[in-house]
Amino acid sequence: MPSRTTVLLREDVKDHLLRKVGPRGLSDAINEILARSLFRSKKTRFGADPWLTQKGLRDERETHEDL
């Protein structure tokens, strides 16, 4: 449930946001910016597949079995 609060913005930030999203989209833009900043997604080194993990990987410095 949304709640009302007062946010004090710098004048240059307010002007930029108003030009970009307009007065009606100000709250949504601020919420989106804050959510992106506060709740960053956890990306792995393995790309876009979330099922890939580091579990079970061997260290390349370990001795290899001869095939």
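This note goes through the salt bridges, the largest pocket and a nonpolar surface patch of a predicted model.

1. Salt bridges overall. A search of the whole structure finds three salt bridges, and the points that follow take these pairs in turn, with the exposure of their residues where it is available. As general background, side chains of opposite charge can pair when their charged atoms come close.

2. R10 and D12. The side chains of R10 and D12 form a salt bridge in which the closest N and O atoms are 3.1 Å apart. R10 has a relative accessible area of 56% and is therefore classed as exposed, whereas D12, at 46%, is classed as partly exposed, because the exposed class begins over 50%.

3. E11 and K14. Helix 1 spans residues 11-21 and holds both E11 and K14, which are three residues apart, or about one turn of the helix. Their side chains meet in a salt bridge with an N to O distance of 3.7 Å, a value that lies within the 4 Å limit applied to such pairs. K14 has a relative accessibility of 32% and so counts as partly exposed.

4. E32 and R36. In helix 2, E32 and R36 are four residues apart, which means that about one helical turn separates them. The two residues form a salt bridge, with 3.1 Å between the closest N and O atoms. With a relative accessible area of 54%, R36 is exposed, while E32, at 47%, is partly exposed.

5. The largest pocket. The space in the largest pocket comes to about 380 Å³. Its lining includes P2, S3, R4, T5, T6 and V7 from one part of the sequence, together with L26, S27, I30, N31 and L34. By residue class, this lining divides into five nonpolar, five polar and one charged.

6. The nonpolar patch. On the surface, L34, L38 and F39 form a nonpolar patch whose accessible area together is about 370 Å². L34 lies in helix 2, which covers residues 26-38, and its relative accessibility of 46% makes L34 partly exposed. That value is over the 30% required of a patch member, so L34 can be counted in the patch although L34 is not classed as exposed.

7. L34 as a point of contact between two features. A reader inspecting the model may wish to begin with L34, since this residue is named in the lining of the largest pocket and also belongs to the nonpolar surface patch with L38 and F39.

Notes:
Residues numbered from 1 in each chain as written. Predicted model: local features only at pLDDT ≥ 70, side-chain atom pairs only at ≥ 80, totals over all residues. Heavy atoms only, no water. Patch = residues over 30% accessible without salt bridge, like charges linked within 9 Å, V, L, I, M, F, W, Y side chains within 5 Å. Areas by Shrake-Rupley, 256 points an atom, 1.4 Å probe, with all protein chains shown as cover. Helix = DSSP H or I, 4+ residues; strand = E, 2+ residues; numbered from the N terminus. Buried < 20%, exposed > 50% of the residue type's maximum accessible area, 1.4 Å probe, protein only. 1 Å grid on protein atoms, 1.4 Å probe; cavity = no way out; pocket = protein on both sides within 12 Å on 5 of 7 lines; lining within 4 Å. Points joined across faces, edges and corners; volume = space filled by probe spheres on them. Nonpolar A, V, L, I, M, F, W, Y, C, P; charged D, E, K, R; others polar.
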